[in-house]
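Here's a quick briefing on helix packing, charged pairs and a couple of serines. Have a look at the structure first, then work through the notes below.

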Amino acid sequence: MPQDDLMPIGAFAQRSGLTSSALRFYADSGLLPPAEVDPVSGYRYYGADQVARATVLRQLREIAMPLAGVEAVLGSGADAASRLLDEHVARVVGDAVAAQQKAAVIRSVLGTVPGLPIAALKGPVLADAVEQVLTATAHEPGLPVLAGLRIEASHEAVTLTATDRYRLSTRTLVPTEPPTQTWAGTVDGDELRTAAAEIRRSPLVRVEAVPHGIWFRVADREDRHCRLLSEDFPDYRLMLASLGEVTTRVAVSKDLLLRALEEHPGERIGLDVADHGVSVVSADEEHPGIPLSATATGQALRIRFELTTFYPAVSTAIGPDVMLDLRGHDQPVTIRSADRGDLTTLAMPVKADHPA
């Protein structure tokens, strides 16, 4: 390699983001040998074409990939490297979940405060409810509570609620055994989503509150622990109380509506409600509408939604039909199961002039 194309180890360290000592280590391990080594001084030189490999090596080590894995990724094509990355991330996530569970067990052993029994629920019913309501969560920097699920227990019921500010989903469950006292807390949604798989296989789950978390106690299986989030949950009751009067109501087949949403092009859709029923139309009116057989009462209305907001709100509804309660083109729509009202979702529309 021409001498002009080489750079000393210090300059290469700055270009690659690796320290000089790390470069020596990776050279000795065979992962990143220098382009040339001065036979007298032993000083190492690297080529400009090695910067990309060095940068990827550094990034792989930053996600805790072992040396053997780094070597495999660097020596593979794009598809194989992508698969190796996915496998590594899955292992890291699995190890983190296992560590959280072990830490929870340790905390329960070290703690002196006994658990507070909250409610007893059927495992499959609770797991379904958790997965349905969690579709209204979101991960946003600085707002971890939007990724959480609010659990509220009264003497009659247990209510699950989640919101990402564009959707709000809530479901009420009747416990197998009435709660002995009231309780409320916001549970980490990711940990709860993982716990749902174990909860589903348990006929009966007892929910127990402890400082900074809750336990799901199950028979003949490993109990599951989820952290509580300390941030205040949005005042969704105030929002529900401030909703205007329903002016238009539509009852429609959930499967037909979902199929129309899937087939219609674009990231934004509109609902055109009239006396004859409802049509799924293009928000930009460039494509023909898809008419649906439905029962509609009240005022004619056209309302627009982001597909990513409206589709999951409909898909999680219970039963074959959904009921849409509409209050105007710029007001939240309430999406309810026509035959089961214990799962309710609110979806925010977008204005006609709202940018994509």
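**Helix packing and salt bridges**

H3 and H4 sit oblique to each other, because their angle of about 140° falls short of the "over 145" needed for roughly antiparallel. Keep in mind that this is a predicted model. Beyond that helix pair, the notes cover two more helix contacts, some of the salt bridges, and two serines.

**H3 against H4**

- Helix H3 covers residues 51-62 and helix H4 covers residues 67-74, and their axes are 10 Å apart.
- The crossing of H3 past H4 is right-handed.
- On the H3 side, the contact is made by Arg53, Val56, Leu57, Leu60 and Arg61, and they meet Leu67, Val70, Val73 and Leu74 of H4.
- Sorted by class, the contact of H3 with H4 comes out as 7 nonpolar and 2 charged residues, with no polar ones.

**H9 against H10**

- How do H9 and H10 run relative to each other, roughly parallel or roughly antiparallel? They're roughly antiparallel, since their axes cross at roughly 155° and anything over 145 counts that way.
- Helix H9 spans residues 254-263 and helix H10 spans residues 307-315, with axes that come within 10 Å.
- This crossing of H9 and H10 is left-handed.
- H9 brings Lys254, Leu257, Leu258, Leu261 and Glu262 to the contact, where they meet Leu307, Phe310, Tyr311, Val314 and Ser315 from H10.
- That gives the contact of H9 with H10 a make-up of 7 nonpolar, 1 polar and 2 charged residues.

**H1 against H2**

- Helix H1 (residues 9-16) and helix H2 (residues 20-28) have axes that come within 9 Å and cross at roughly 95°.
- With that angle, H1 is roughly perpendicular to H2.
- Ile9, Gly10, Phe12, Ala13 and Ser16 are the H1 residues in this contact, and they meet Ser20, Leu23 and Arg24 in H2.
- The class split for H1 with H2 is 4 nonpolar, 3 polar and 1 charged.

**Salt bridges**

- Side chains of opposite charge can pair when their charged atoms come close.
- How many salt bridges are there? The count comes to 19.
- One of them joins Arg206 and Glu177, with an N to O distance of 3.0 Å.
- That pair links distant parts of the chain, 29 residues apart: Arg206 is in strand S9 (residues 204-210), while Glu177 is in the loop between strand S7 (167-173) and strand S8 (183-188).
- Arg206 is partly exposed at a relative accessible area of 39%, and Glu177 is also classed as partly exposed, at 34%.
- Asp188 and Arg227 make another salt bridge, and their closest N and O atoms are 2.8 Å apart.
- Asp188 lies in S8 and Arg227 in strand S11 (residues 224-227), so this pair ties together parts that are 39 residues apart in sequence.
- Which partner is buried and which is partly exposed? Asp188 is buried, because its relative accessible area is 10% and the cut-off for buried is under 20%, whereas Arg227 is partly exposed at 34%.
- Glu198 pairs with Arg201, with 2.9 Å between the closest N and O atoms.
- Glu198 counts as buried at 14% relative accessibility, while Arg201 counts as partly exposed at 47%.
- Asp128, Glu131 and Arg200 are joined into one network by salt bridges that share partners.

**Two serines**

- Ser230 is found in the loop between S11 and helix H8 (236-241).
- Is Ser230 buried or exposed? Ser230 counts as exposed, because its relative accessibility is 67% and exposed means over 50%.
- Ser230 is 27 residues from Pro203 in sequence, and their C-alpha atoms are 30 Å apart in space.
- Ser279 belongs to strand S14 (residues 277-282).
- Ser279 is buried, with a relative accessible area of 12%.
- Leaving aside residues up to four places away in sequence, Ser279 touches Gly270, Leu271, Asp272, Ile290 and Pro291.

How values were computed
Residues numbered from 1 in each chain as written. Predicted model: local features only at pLDDT ≥ 70, side-chain atom pairs only at ≥ 80, totals over all residues. Heavy atoms only, no water. Salt bridge = Lys/Arg side-chain N within 4 Å of Asp/Glu carboxyl O. Helix = DSSP H or I, 4+ residues; strand = E, 2+ residues; numbered from the N terminus. Buried < 20%, exposed > 50% of the residue type's maximum accessible area, 1.4 Å probe, protein only. Axes fitted to C-alpha atoms, helices over the stretch in contact; angles between N-to-C directions. Parallel < 35°, antiparallel > 145°, perpendicular 65-115°, else oblique. Left-handed = near helix turned anticlockwise from the far one by under 90°. Contact = heavy atoms within 4.5 Å. Nonpolar A, V, L, I, M, F, W, Y, C, P; charged D, E, K, R; others polar.
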